[in-house]
Protein chains: 2
Amino acid sequence: MNIGEIAKRAGVSRSTVSYALSGKRHVSPETKARIQQVIDELDYRPNAAARALKEGRTRTIGLVIPPPVRRLTYMQLEFVASVLEAASQADLDVLLSPSGDTHAPAFSRLIDGRRVDGVILMEIRLQDPRVDQLRKAGMPFVTIGHTAHPEGVWWVDVDYQGLVGRCVKHLADLGHRDVALINRSAEMLADGYGPGLRAQQGFAQAVAQYGLTGFEYPCADDAPAGDACVERILNEHPEVTAAVTVNESALPGFQRALQRAGLRVPADFSLIGVAAQHWAEEFQPPLTSADVPAVQMGAEAVQLLTEYIADRAAAPKHLLLSPPISLRDSVSRARTLERD
Amino acid sequence: MNIGEIAKRAGVSRSTVSYALSGKRHVSPETKARIQQVIDELDYRPNAAARALKEGRTRTIGLVIPPPVRRLTYMQLEFVASVLEAASQADLDVLLSPSGDTHAPAFSRLIDGRRVDGVILMEIRLQDPRVDQLRKAGMPFVTIGHTAHPEGVWWVDVDYQGLVGRCVKHLADLGHRDVALINRSAEMLADGYGPGLRAQQGFAQAVAQYGLTGFEYPCADDAPAGDACVERILNEHPEVTAAVTVNESALPGFQRALQRAGLRVPADFSLIGVAAQHWAEEFQPPLTSADVPAVQMGAEAVQLLTEYIADRAAAPKHLLLSPPISLRDSVSRARTLERD
DNA sequence: TTGTACGCGTTATCAG
DNA sequence: CTGATAACGCGTACAA
């Protein structure tokens with residue numbers, strides 16, 4: 001079912017059909033109606049490939065997600081969902097592409113084959129070769145997270161450094177002196193994963209600023225790792241009375257380990273962090289946390305990318321989100337009595 | 001960077017470049033090498049739209065996921081991941097499209113705009129309008145789950161009916177007399193969601209066959225619902241000693257509710273079900289369950305779709321998977337003593 | 001309102 | 001047997 005067929009049946013030329021659809025030139029109401037009727041009858045829709053070829057754009061954006069997908073955190077899943085939602089609203093399709101060494105061909109297809117008009121890149125590293133590849137290919141892109149040199153790049157990020165700092169401050173205000181940071185995995189940190197490294201910095205700075213003693217614990221993104229991590233903290237530093245976590249996927253594990261150790265939250269141990277609202281509310285007791293606005297981030301990323309695609313010469317825009325800390329029930333004053 | 005540019009720089013014609021790349025005709029090694037050199041230099045890749053237009057296929061498949069995406073179960077997430085993986089291996093791209101009323105335009109674009117060569121449809125209903133739309137458009141598709149009339153349709157599914165039956169049998173063998181089925185949500189069942197309805201049937205049949213008393217409980221896909229559901233079971237039917245669950249997302253809630261009620265698994269209450277391996281192993285104690293082979297399903301779905309696309313006249317194939325029940329630690333003999 | 005050139009890769013056909 | 005020419009797929013937009 002192509003435009004020629006529609007034109008023939010409506011008794012007009014192909015260009016008239018095209019104009020009737022796009023509205024870029026006036027077409028008499030009668031012919032327009034006749035055309036529309038034929039179109040409805042045959043369920044005609046312009047061939048995406050032909051249109052893309054002519055217009056030079058695909059009306060599709062690429063979303064590059066971290067591998068392996070099945071370890072996507074809830075936050076990331078929410079983000080993917082909101083990108084899908086926002087793209088759909090803007091009549092854009094989304095080509096989902098896993099990143100990673102084994103998927104390099106897929107990434108190159110996306111970029112060099114011009115299958116998409118722009119790309120949203122998740123889980124960026126401080127040094128990221130994909131950024132260079134995208135730049136070189138002249139493909140518009142927005143990164144989630146920012147590289148070590150974010151100038152000239154469009155990005156959206158969460159201010160992990162500031163948020164972790166505020167979490168530490170909150171604990172300090174409540175009298176905690178020995179606190180732990182439960183970070184993302186050691187591998188990710190070694191790999192130059194921004195949020196992890198910035199959480200590290202924010203923690204170190206705040207601990208120093210408020211005169212606390214801080215211990216950092218990297219932790220893999222799953223419940224068993226969270227369990228083991230809390231176990232280690234309690235063993236190695238029993239003086240720790242509170243922890244800041246940026247690892248939402250490990251939360252169920254914390255719960256188990258604390259429970260097993262007979263520690264109640266928050267009476268015996270306070271927990272605060274950065275997490276998707278869902279996880280924070282699911283935790284028992286509900287977790288005091290800065291709720292990462294994943295849904296907003298997805299929408300903003302699509303918005304930024306759309307702007308960039310529309311005007312490639314536009315000045316890069318950034319967005320550093322710093323959601324407020326929602327006070328729930330997982331933090332209390334330190335057990336000062338027991339320490340005197 | 002188009003093929004003409006490459007041809008010019010290599011001093012040959014466009015067709016020679018094309019033949020050198022596709023290998024559909026012999027090209028002398030020297031010219032081939034020269035062409036390859038220019039290509040490498042400029043990172044040339046054929047424009048996907050032009051190729052799609054000419055070849056009549058996009059080398060892209062559509063994956064239609066259930067909305068809202070953020071409620072994707074772990075099983076579904078695993079499935080998406082494996083589709084991505086399998087497609088990537090077959091040099092296919094994946095266009096992710098949310099289904100649902102608000103996303104109808106996106107679905108139509110996919111189908112009528114011929115943006116994809118074929119579609120994988122997740123979370124199919126017994127009566128599903130999308131299946132009709134795909135059929136009418138002549139678009140190859142594979143469904144995950146099967147409709148009430150699955151003849152002539154390509155599909156991959158898990159034998160929920162048989163699996164639930166086997167779970168019940170296992171409980172019956174261990175002396176349980178009063179058992180519950182924790183199903184998916186009432187809305188999904190009302191909507192004609194196949195797995196839920198087939199679980200229902202399998203449960204009813206098996207309960208009758210083994211002379212047990214069965215109670216069915218629909219339950220939304222999240223932890224709080226699971227918590228509430230167990231609460232209800234214990235209240236309304238304290239005689240129940242075991243439950244079969246097909247609702248993995250509610251598992252964490254079961255755990256909480258059972259714990260709160262002071263019931264230990266499996267000593268006081270047995271739990272068995274159908275779930276992703278990940279959830280089964282994460283449960284405490286590890287859940288005896290039929291592990292849904294989501295990864296295999298994704299690979300099979302892509303394989304089937306590829307076959308279908310390659311030969312549209314081929315006889316439809318189906319795959320009804322029936323994974324074995326993995327014995328873990330959540331089931332024990334019924335507490336017969338207390339009942340006498 | 002219509003005719004037509006264009007975007008770009010593929011392949012049938014023709015020339016060497 | 002190698003290389004070049006040209007038509008084609010389909011929607012868009014300029015010129016007529």
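The exercises below work through the symmetry, the shared sheet and the DNA contacts of a predicted model.

Residues are numbered from 1 along each chain as its sequence is written, while chains are lettered from A and ligands numbered from 1 in the order in which they are written. In this predicted model local features need pLDDT of at least 70, side-chain atom pairs count only at pLDDT 80 or more, and totals for chains, interfaces and linings use all residues, with side-chain values based on heavy atoms and with hydrogens and water left out.

**Exercise 1. Determine which rotation and shift superpose chain A on chain B.**

Step 1: Two copies of a chain are related by a rotation about an axis and a shift along it.

Step 2: Here the rotation is 180° and the shift along its axis is 0.0 Å, with an RMSD of 0.1 Å, after least-squares superposition on the C-alpha atoms of residues with pLDDT of at least 70 in both copies.

Step 3: The two copies are therefore related as by a two-fold rotation axis.

Step 4: Because 100% of the interface residues of chain A are also interface residues in chain B, the copies meet through the same surface (contact means heavy atoms within 4.5 Å).

**Exercise 2. Trace the open sheet and identify the strands at its edges.**

Step 1: Twelve strands form the open sheet, in the order S11(A)-S5(A)-S4(A)-S3(A)-S1(A)-S2(A)-S2(B)-S1(B)-S3(B)-S4(B)-S5(B)-S11(B), with mixed pairing; strands are DSSP runs of E with at least two residues, helices are runs of H or I with at least four, both numbered from the N terminus, and two strands pair if DSSP finds at least two bridges between them.

Step 2: Strand S11 (318-321) of chain A and strand S11 (318-321) of chain B stand at the edges with a single partner strand each, so one side of each has no neighbour in the sheet.

Step 3: Within chain A, S1 (residues 60-65) and S3 (residues 118-121) run parallel and are joined by four bridges, and A:Gly62 stands opposite A:Val119 in S3(A).

**Exercise 3. Describe how the protein meets DNA strand C.**

Step 1: DNA strand C is surrounded by 28 residues, the closest being A:Thr16, A:Ser28, B:Ile3, B:Arg25 and B:Lys54, where near means a heavy atom within 4 Å.

Step 2: Helices H2 (14-22) and H4 (48-55) of chain A and helices H2 (14-22) and H4 (48-55) of chain B each supply at least two residues of this surface.

Step 3: A polar side-chain atom of B:Arg51 lies 2.9 Å from a phosphate oxygen of DNA strand C, whereas for A:Ser13 a backbone N or O atom lies 3.3 Å from a phosphate oxygen of that strand.

Terms used: Polar contact = N/O pair within 3.5 Å; in protein donor to acceptor, adjacent residues only side chain to side chain.
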